[in-house]
Amino acid sequence: MADNYRRRRYLTITVLQIITIMCQALSDQPMFAEPIPNVTVPLGRDVNLPCVVENLGDYKVAWIHVGRQMLLTIHKHVVVKIPRFSVSHDNQKTWLLHINNVHEEDRGYYMCQLNTNPMMSQVGFLQVVVPPNILDSLSTESTIAVRENQNITLTCKADGYPTPKLMWKREDGQNISINRHDRVPLYDGEQLNLTRITRNEMGAYLCIATNGVPPTVSKRITVDVEFSPLIMVPNQLVGAPAGTNATIDCHTEAHPRAMSYWFLKDEMILSNEKYTTSIMENSYRTHMRLTIKNLQADDFGNYRCISKNSLGETEGSIRLYEIPKPSAAPKATEIKSSANKEGRPSTPSPAKRPTTVWPSSYNPYYTKRTERPPPPNEERVERPEQKLRGGQSTGSAYIIRWSAPQLMVVAVQYILTGPYMPPYVPQTAN
Ligand SMILES: *[C@@H]1O[C@H](CO)[C@@H](O)[C@H](O)[C@H]1NC(C)=O
Ligand SMILES: *[C@@H]1O[C@H](CO)[C@@H](O)[C@H](O)[C@H]1NC(C)=O
Ligand SMILES: *[C@@H]1O[C@H](CO)[C@@H](O)[C@H](O)[C@H]1NC(C)=O
Ligand SMILES: *[C@@H]1O[C@H](CO)[C@@H](O)[C@H](O)[C@H]1NC(C)=O
Ligand SMILES: *[C@@H]1O[C@H](CO)[C@@H](O)[C@H](O)[C@H]1NC(C)=O
């Protein structure tokens, strides 16, 4: 009897144990504790993707690159033959896929898979972003020369992920002339068309590539607008008494930089005790000034300022004539002055419009205005197509007559502008 009872009791316990074990087995099914995060990483960095699993038991975790259908790791083993991939397990629930030095091809969905039956899996997305990069070989060179009034297209190409956006601005902050009417501080697009470019549009342009991934990059393109010299003479007739000092002025615009010099009749004027010459430059504008000291009879006559660059040569003419000595304190005296019409040979012409000058000093009325464009009512003397002036007056002939100080000026010009040769062969004539 007692034997029988014991056997029955034992069976009951065994069945209960089996049920308990079975229940436990059911509740110990593996499951994902968290989703795989979507991760964004810049090119070249390292990244870890976690797969968190509860109750893994004897099952194994595998990592797969979905897009490339590539098995990366199983359990603690790296399957793929790419040394940048590795896997680690924290001895609890987290399986980490490590990717070193992320490449663009690593972008995509990553699957964490368990070899249960049926299989269990979850995915997360790895975004690989690439900062913008300007492709120099497909973009405009960093210095470009163009003749005034021609059209030019500046191009910038950039890659990166996401695809970068390109915009243009001028380095000096001035507006960009898109066409004759629209002036904008910023212009969007790969190409910037500058139509009928003017000398005011000369300067450095920046193309800037952005895609939200730092760093933003830019390329600097210097646009040189070339034109033959232009001369503006504020006073073409200057009267001064003998024994005083007189100053005459010419304003020039030229690019490439011009050589500038003064002539009296047929003699080039050199800086010495008798003459002081000065040149003030501001971008493509130059203010030439000549002071003649202690005027004598043979100082009166026709002075010429000459400006010459690779695209041409222009001269302005100033007639210095004698007036009687002022008797008392300086008083404004009306004298006559004239200006030439554009393109006309600049031989002194009869007085045309009156100009007031100050007889005591004969200093220009112009001292404060050297950095500014000339007033609009000044007439311009531009002779771009002018033939090089006759035989003995060509450049080489001048050089023969230059003495040391003038050669210094030429040497400085040479240092600043390089050899005096056309640095750029114009595509077409003006
Ligand atoms: C990851 O992005 C996908 C869509 O691309 C989304 O369905 C999923 O919920 C995201 N996962 C997480 C953890 O945010
Ligand atoms: C420059 O562009 C303007 C406007 O598009 C056009 O009218 C002109 O003919 C072009 N000039 C040259 C030299 O190509
Ligand atoms: C540029 O143009 C805008 C209008 O488009 C104007 O408000 C601004 O003053 C201009 N800036 C310069 C420096 O000319
Ligand atoms: C700029 O000029 C090029 C040709 O040089 C032309 O193909 C392009 O359409 C122009 N772009 C704009 C915005 O005018
Ligand atoms: C002319 O200039 C010289 C030297 O610059 C100066 O010594 C002289 O006083 C000036 N003469 C007159 C009349 O201003």
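A residue is called buried here if 20 or more other C-beta atoms lie within 10 Å of its own. By that rule, buried residues make up 25% of the 430 residues in the chain. Keep in mind that what you have open is a predicted model.

**The whole chain**

Start with everything in cartoon. You should be able to pick out three helices and 31 strands. If you draw contacts with a separation of 6 or more, 67% of them link residues 24 or more positions apart.

**First sheet: S1, S3, S8, S7**

Select S1, S3, S8 and S7, in that order: these four strands make an open sheet with antiparallel pairing. Look at the two ends of the row, strand S1 (31-34) and strand S7 (85-89); each has a single partner strand, so one side of each is left without a neighbour in the sheet. On average, neighbouring strands here are turned by 30 degrees against each other, direction ignored.

Now zoom in on S7 and strand S8 (residues 94-99). The two run antiparallel and are joined by five bridges. To find the register, show His-89 and, opposite it in S8, Trp-95.

From S3, walk into the loop that follows. Asn-55 sits there, between strand S3 (47-54) and strand S4 (61-65). Check its backbone: phi is near 55 degrees, a positive value in a residue other than glycine. Is Asn-55 buried or exposed? It counts as exposed, because it has 12 C-beta neighbours inside 10 Å.

**Ligand 1**

Select ligand 1 next and show what surrounds it: Pro-35, Pro-37, Asn-38 and Phe-125. That shell divides into three nonpolar residues, one polar and no charged.

**Ligand 2 and a loop to inspect**

Jump to ligand 2. Which residues surround it? They are Gln-150, Asn-151, Thr-195 and Arg-196. Here the split is three polar, one charged and no nonpolar.

While you are in this part of the sequence, select Asn-149, in the loop between strand S11 (143-147) and strand S12 (152-155). Its phi is near 75 degrees, another positive value in a residue other than glycine. Asn-149 counts as partly exposed because it has 13 C-beta neighbours inside 10 Å.

**Two cis peptides**

Go on to Tyr-161 and Pro-162, which are joined by a cis peptide bond with omega at about -5 degrees. Pro-162 belongs to the loop between strand S13 (158-161) and strand S14 (165-170).

The next stop is Pro-214 and Pro-215. The peptide bond from one to the other is cis, with omega near 0 degrees. You'll find Pro-215 in the loop between strand S19 (203-210) and strand S20 (217-232).

**Second sheet: S21, S28, S27, S23, S24**

Select these five strands together. They form an open sheet in the order S21-S28-S27-S23-S24, and the pairing is mixed. At the edges are strand S21 (237-240) and strand S24 (267-268), each pairing on one side only.

For a parallel pair, isolate S21 and strand S28 (residues 312-322), which are joined by four bridges. Leu-237 is a good marker, standing opposite Arg-319 in S28.

**A hairpin: S25 and S26**

For an antiparallel pair, select strand S25 (residues 275-282) and strand S26 (residues 285-292), which pair over eight bridges. One bridge to label is Met-280 with His-287 in S26. Two residues lie between the strands of this hairpin, and Ser-283 takes a positive phi near 55 degrees.

**The cores**

In soluble globular proteins, nonpolar side chains tend to be buried together. To see this chain's largest nonpolar core, of 25 residues, begin from Val-238, Ile-248 and Leu-320, the ones with the most contacts inside it. Then colour the elements that give two or more residues to this core: S20, S21, strand S22 (246-255), strand S23 (259-264), S26, strand S27 (301-309) and S28. Which element gives the most? That is S22, with four residues.

Center on Ile-248 and set aside its neighbours within four places in sequence. It is then in contact with Val-238, Leu-290, Tyr-303, Ile-318 and Leu-320.

Apart from this core lies another, of 19 residues, which makes the last selection of the tour; Val-53, Ala-62, Ile-64 and Val-128 are among its members.

Definitions and conventions: Residues are numbered from 1 along each chain as its sequence is written. Chains are lettered from A and ligands numbered from 1 in the order in which they are written. This is a predicted model: local features need pLDDT of at least 70, side-chain atom pairs count only at pLDDT 80 or more; totals for chains, interfaces and linings use all residues. A residue is near a molecule or strand if its C-beta atom, placed from the backbone, lies within 6 Å of it. Ala, Val, Leu, Ile, Met, Phe, Trp, Tyr, Cys and Pro count as nonpolar, Asp, Glu, Lys and Arg as charged, and the others, Gly among them, as polar. Two strands pair if DSSP finds at least two bridges between them. A nonpolar core is a set of buried Ala, Val, Leu, Ile, Met, Phe, Trp, Tyr and Cys residues joined through C-beta atoms within 7 Å. Two residues are in contact if their C-beta atoms, placed from the backbone, lie within 7 Å. Axes are lines fitted to C-alpha atoms, for helices over the stretch in contact, and angles run from 0 to 180 degrees between N-to-C directions.
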